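Student: I'd like to learn how to read a protein model feature by feature. Can you walk me through one, starting with any empty space inside?

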Amino acid sequence: MAAGMLRSDVLVVGAGPVGALLACILARAGRSVLLAERGRLRPDAGSNPDTRGYALSAGSVTLFEDLGYWAALKPFATPIREVHVSRQGTLGTVSMDADSQGVSALGQVVPAARIDAVLAGELARAGVRLLEETRFESLAPAQRGRRQAVVAGADGDQRISARLIVAADGIRSAARAAAGIDVLRRRYDADALVFDVRPARAHQGRAFERFTPEGPLALLPQSDDRMNVIWVAPTDVCDRRQALSEFERVAELQGHFGWRLGRLQAAGRVGRFLLEQVRARSLYAERLALVGNVAHGLHPVAGQGLNLSLRDVATLAAGILRADDPGAREVLAAYAAARESDIDRVAAATDFLARGMLADGGLMPHVLGAGMLALDRLEPLRRFFAAQAMGLQPQPRHLLRALPAARKAAARRGATGRSRGAPA
């Protein structure tokens, strides 16, 4: 049975950290926002099975600070004070530390479950209307400045009319497919196992990235002196390691990582993630924008995926807050133009690190090792790469200051009543 029409300024599809944060920003600015999510939100972090830790760059932390959300995340955040990069089989290493960059931390590691929980709690306070356990079904052409979508739920199909639809529903986005936006897809011959370990010696805020012939291995500092392991390897190797006991898996990890932190002990369940690079051929269509993994799915090496996505959110939100019509073509074209070079740069860099660092024959290992030695010894070059890792490139700032003015403008436009999601 079909329900009545819901009307909204913006429909966000997908309530992960990218979609939820964008929905909060826009609703706080006075826009009427509907957020459709295929699952249920988890305001209790303890009920979330996601074992990942997000390495937030300094730029991403600044965005959360500007919006007033960092205070709730900070108690669970672990500062990265040093990053140590090495390549198995070569002498070259690179070390970057916060002191040499003149900052208190190069970034912060926050459990994914904590970010989800904080944003789930903020949605209601921001005034976002949430449609949980819904499946995106279809999209109609725009008419009279609006576009209609259909989502399916337990009570039947629900039609939604919005001035802008934002697809934030993941790497296999149904909203992107409905809009007819093609993607370039590269499946890496590898998956990632993710789990926590507890080292015998305190990590002291050190993060490690080790490139092995199988793929990159990263250990990120977490609270309670745990470390989050992201272990990339060919799919058959992941099959074997996933079938091992905790003791056997950690013993094998110890053999690859070494003993610099003493003996490692298992400290949590293991998760597995398929790895592929996905690039949308366009960041927008008629009254529809793509953000996050919908636009650019990346290999997890160097931990840049969420940071890149948060810059999407900041850029799109800033454009919408300045505009009378959030879905106007010029707004979406400006968003795409502002984001393309950053996406291209990060996608190329992560792809090289994922595939180029696997070279294991001829002169290439020695060239890579010499390059890492040079990077470690040339201070200006190391500073440049540290700045890139911290996400300090120009990005929209102080969105919080823009919210009151945007809310007043929304009130003048009459963004209340039926546009807040009431049936037409």
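Tutor: Sure, and keep in mind that this is a predicted model. Rolling a probe the size of a water molecule over the atoms shows where empty space is left. Here, the largest cavity is lined by Phe 195, Glu 246, Arg 249, Val 250, Ala 266, Gly 268 and Val 270.

Student: How many cavities of 30 Å³ or more does the structure hold, and how much space lies in the largest?

Tutor: There is one cavity of 30 Å³ or more, and about 30 Å³ of space lies in the largest cavity.

Student: What classes of residue make up the lining of the largest cavity?

Tutor: Four are nonpolar, one is polar and two are charged.

Student: Which helix gives the largest share of that lining?

Tutor: Helix α8, residues 246-257, gives three residues, the largest share.

Student: Then let's stay with α8. How do I check the span of a helix like α8?

Tutor: Count 1.5 Å a residue and set the result beside the distance between the end C-alpha atoms. For the twelve residues of α8 the expected span is 16 Å, and the end C-alpha atoms are 16 Å apart, so the two agree.

Student: Which residues of α8 are buried, and what covers them?

Tutor: The buried ones are Arg 249, Val 250, Glu 252, Leu 253, Gln 254, His 256 and Phe 257. Arg 249 and Val 250 also appear in the cavity lining. The cover over the buried residues of α8 includes β12, β13 (206-212), β14 (215-221), β15 (227-233), α7 (235-243) and β16 (264-266). Right after the helix comes Gly 258, with a positive phi near 100°.

Student: What about open space? What can you tell me about the second largest pocket?

Tutor: About 350 Å³ of space lies in the second largest pocket. Its lining has 20 residues, and Asp 50, Thr 51, Pro 111, Asp 196 and Arg 226 lie nearest the centre. By class, the lining divides into seven nonpolar, six polar and seven charged residues. Both α5 (112-126) and β12 (183-199) supply at least two residues of the lining.

Student: How does α5 look when I read it the way we read α8? What span does α5 have?

Tutor: α5 has 15 residues and reaches 21 Å from its first C-alpha to its last, close to the 21 Å expected. Its buried residues include Ala 112, Ile 115, Val 118, Leu 119 and Leu 123. Elements that the buried residues of α5 pack against include α1 (17-28), β3 (53-57), β7 (107-111) and α9 (305-322). Gly 127 follows α5, and its phi is positive, near 90°.

Student: Where should I look for the nonpolar core, and which residues have the most contacts inside the largest one?

Tutor: To read a core, follow buried nonpolar side chains from one to the next. The largest nonpolar core here has 84 residues, and Leu 11, Leu 21, Leu 56 and Leu 316 have the most contacts inside it. A second, separate core of 22 residues includes Ala 55, Val 83, Met 96 and Phe 211.

Student: Take Leu 11 as a case. Is Leu 11 buried or exposed?

Tutor: A residue counts as buried under 20% relative accessible area. Leu 11 has a relative accessible area of 0%, so it is buried. Leu 11 lies in strand β1, residues 6-13. Beyond its sequence neighbours up to four places away, Leu 11 touches Leu 34, Ala 36, Ala 149, Ile 160, Ala 162, Leu 164, Ile 165 and Val 166. Ile 160 is 149 residues apart from Leu 11 along the chain, yet their C-alpha atoms are separated by 7.9 Å.

Student: And Leu 21? What is Leu 21 in contact with?

Tutor: Leaving aside neighbours within four places in sequence, the contacts of Leu 21 include Leu 63, Phe 64, Tyr 69, Leu 119 and Val 313. Leu 119 is one of the buried residues of α5.

Student: You mentioned phi for two glycines. What do I look for in other residues?

Tutor: Most residues other than glycine have a negative phi, and most peptide bonds are trans. Arg 144 is not a glycine, but its phi is positive, about 50°. Arg 144 is found in the loop between β9 (135-139) and β10 (147-153). Asp 224 also has a positive phi, about 60°, and is found in the loop between β14 and β15.

Student: Are Arg 144 and Asp 224 buried or exposed?

Tutor: Arg 144 is exposed, with a relative accessible area of 85%, and Asp 224 is exposed as well, at 60%.

Conventions: Residues numbered from 1 in each chain as written. Predicted model: local features only at pLDDT ≥ 70, side-chain atom pairs only at ≥ 80, totals over all residues. Heavy atoms only, no water. Core = buried A, V, L, I, M, F, W, Y, C linked by side-chain atoms within 4.5 Å. Buried < 20%, exposed > 50% of the residue type's maximum accessible area, 1.4 Å probe, protein only. Contact = heavy atoms within 4.5 Å. 1 Å grid on protein atoms, 1.4 Å probe; cavity = no way out; pocket = protein on both sides within 12 Å on 5 of 7 lines; lining within 4 Å. Points joined across faces, edges and corners; volume = space filled by probe spheres on them. Helix = DSSP H or I, 4+ residues; strand = E, 2+ residues; numbered from the N terminus. Nonpolar A, V, L, I, M, F, W, Y, C, P; charged D, E, K, R; others polar. Expected span 1.5 Å × (residues − 1).
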